[in-house]
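User: Hi! Could you walk me through this structure and explain the terms as we go?

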Amino acid sequence: MTAHPLFPTDLDRLPHHLIDGAGHSGAGQPRALIDPATGESYLSVVDADPTQVGQAVASAKGALRGWADTAPGARAQVLFRLADLIAGQADRLAAVESANVGKPLSQARRDVIRAVAYFRFYAGCCDKLNGDSIPLGPDQTALTVLEPVGVTAHILPWNYPISTLARGAAPALAVGATIVAKPSELTPLSAIMVAQLALEAGVPPGVFNVVCGAGDVGAALAGHADIAHVTFTGSTATGRRVMQAASAPVAGVTLELGGKSPVVVLADADLGAAADGVVRGIFFNAGQVCAAGARLICHRDVHEALIERVVERAEALTFGHPLDDPDLGPLVSASQIARVDGFVDRARTAGLRCVTGGHRVRPDALPNGLFYAPTIFTDVPADSEIARDEVFGPVLVTQICEDADHALTLANGSDFGLVAGIYTADASRALQIARRVEAGQVFVNGFLQGGDTVPFGGMKHSGIGREKGLAGLAAYCATKSIVLNH
Ligand code: NDP
């Protein structure tokens with residue numbers, strides 16, 4: 001067991017899967033959970049096998065009618081209660097999430113609060129899922145009703161386990177759909193804990209199931225004949241596989257995939273605010289964020305002054321055990337740090353200029369931790385690997401632009417299109433760029449803002465579908481139209 005005093009000591013009492021309201025141990029491979037700050041193993045979770053995936057889907061299918069027919073106000077009460085229970089367990093959930101992912105405790109706490117907000121927001125939507133009436137003349141009436149889509153699969157990433165779970169589970173449950181969630185093999189704990197709290201809140205057995213395991217468990221779930229919708233967050237490569245698997249049951253998909261999001265800083269920008277936004281945008285959660293601002297596109301006249309500020313802030317960031325709430329925790333796994341190091345090595349070999357970082361960090365107290373220094377490569381060519389591909393670590397690249405049009409060309413010169421940031425004092429220019437930039441969400445004079453009620457999702461290789469806010473309900477609703485002759 002990891003030695004940190006804030007780490008919960010009773011995790012071995014957690015079940016490994018929750019199927020039809022009951023805790024189960026796995027029938028597949030055992031898997032050790034490793035504290036990425038120390039390299040120590042603290043728990044073993046046994047994967048589900050394909051039979052257990054089938055049982056979870058069958059239980060979600062069996063529970064569907066009853067949950068869909070529960071009065072909307074009653075569904076809302078249950079989801080409000082779940083939000084309250086999560087809020088009541090916030091310290092414990094945040095500690096587990098922090099240690100499991102390696103993210104600073106205050107960031108994990110924010111994720112838990114965000115999960116609470118999702119359940120509250122969508123609880124409030126239960127009784128507002130209105131349909132339409134469509135004029136067809138005096139002898140006919142057409143109505144639309146919104147029905148739950150059916151059994152939904154939720155395949156979760158390791159970087160934001162609890163908030164990603166809530167982002168999909170809350171709207172699905174609000175409309176009356178049932179769910180089977182599959183957390184990442186690296187970070188299964190918060191999903192199991194939330195599913196237990198859902199039962200305590202009054203979510204009926206079978207409505208909210210969790211099966212743990214690796215990609216094979218996710219693949220079995222995504223392609224299961226009784227799945228109506230798959231919500232997936234992860235890499236673009238795996239997203240494509242999920243989309244293919246979901247074609248077997250002709251299931252809908254929401255895919256929230258990778259990014260290489262641009263932050264444009266024009267010559268008239270407030271450089272202090274821009275530097276704060278750039279540093280937060282790429283070094284938050286050690287850069288393991290799909291929406292990270294990984295490409296700084298900066299006007300030539302202010303590039304040097306901005307880089308100076310960004311480097312100064314980056315070099316002041318602290319490392320430590322995530323439960324001690326440093327600025328930067330470790331990366332999630334040995335393979336993730338090897339991936340980041342590989343990108344950095346290849347960029348150096350290609351002759352690109354690294355102005356800070358570019359190496360692992362071994363704090364005295366945590367010599368085996370998977371820490372990586374905030375890293376910045378300046379003035380990189382648009383076609384270099386490190387400017388094109390998602391690194392998913394604390395690595396920023398800069399590109400120099402000559403004017404707003406050039407900035408837009410560089411910003412759109414990516415296969416990805418998740419989010420974009422624009423720093424300028426000229427509001428109408430900001431709006432022009434915002435309207436033309438290929439991204440699902442744009443921030444002006446700020447970055448990664450707007451919270452839980454603003455729709456989020458990608459263009460191009462960054463995904464399909466929208467989550468958060470009212471737009472997040474659409475994936476889980478099937479519109480039925482009824483035409484009455486009278
Ligand atoms: P993946 O995209 O492979 O994993 C995401 C989720 O999908 C996990 O639950 C994973 O399970 C599951 N999965 C894996 N293979 C399949 C499959 N064939 N069918 C269904 N589900 C599957 O991400 P990784 O964890 O391997 O990370 C690799 C890279 O992905 C990162 O370096 C980063 O670039 C990107 N990524 C992007 C995220 C985002 O927020 N957009 C989040 C996480 C990663 P398991 O983990 O148990 O194998």
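User: What helix and strand content does the chain have over residues 31-482?

Analyst: Happy to help! This is a predicted model, where local features need pLDDT of at least 70, side-chain atom pairs count only at pLDDT 80 or more, and totals for chains, interfaces and linings use all residues. Residues are numbered from 1 along each chain as its sequence is written, and side-chain values use heavy atoms, with hydrogens and water left out. Over residues 31-482 the chain is 40% helix and 21% strand; helices (H or I, at least four residues) and strands (E, at least two) are DSSP runs, numbered from the N terminus. The end C-alpha atoms of that stretch are 50 Å apart. UniProt, in an unreviewed entry, places the feature "domain: Aldehyde dehydrogenase" at residues 31-482; such annotations may be inferred rather than shown by experiment.

User: Which residues come nearest to the ligand?

Analyst: Of the 27 residues around the ligand, Leu 156, Trp 158, Lys 182, Glu 185 and Ser 235 come nearest. A residue is near a molecule if one of its heavy atoms lies within 4 Å of it. The shell divides into eleven nonpolar, ten polar and six charged residues, with Asp, Glu, Lys and Arg as charged, Ala, Val, Leu, Ile, Met, Phe, Trp, Tyr, Cys and Pro as nonpolar, and the others, Gly among them, as polar.

User: What makes the pair of Ser 184 and the ligand a polar contact?

Analyst: A polar contact is a pair of N or O atoms within 3.5 Å; within protein, one must be able to donate a hydrogen and the other to accept it, and residues adjacent in sequence count only if both atoms are side-chain atoms. A polar side-chain atom of Ser 184 lies 3.1 Å from a ligand oxygen atom, so the pair meets that limit. For Gln 336 the distance from a polar side-chain atom to a ligand oxygen is 3.1 Å, and for Asn 159 it is 3.3 Å from a side-chain N or O atom.

User: Why is the ligand said to lie between two domains?

Analyst: Domain 1 (11-257 + 463-483) and domain 2 (262-451) both give residues to the shell, so the ligand lies between them. The domain bounds come from an automatic or database domain assignment.

User: Why is His 229 called buried, and what is Asp 403 called?

Analyst: Buried means under 20% relative accessible area, exposed over 50%, and partly exposed in between (1.4 Å probe, protein chains only). His 229, in strand E10, has 5%, so His 229 is buried. Asp 403 has 38%, so Asp 403 counts as partly exposed.
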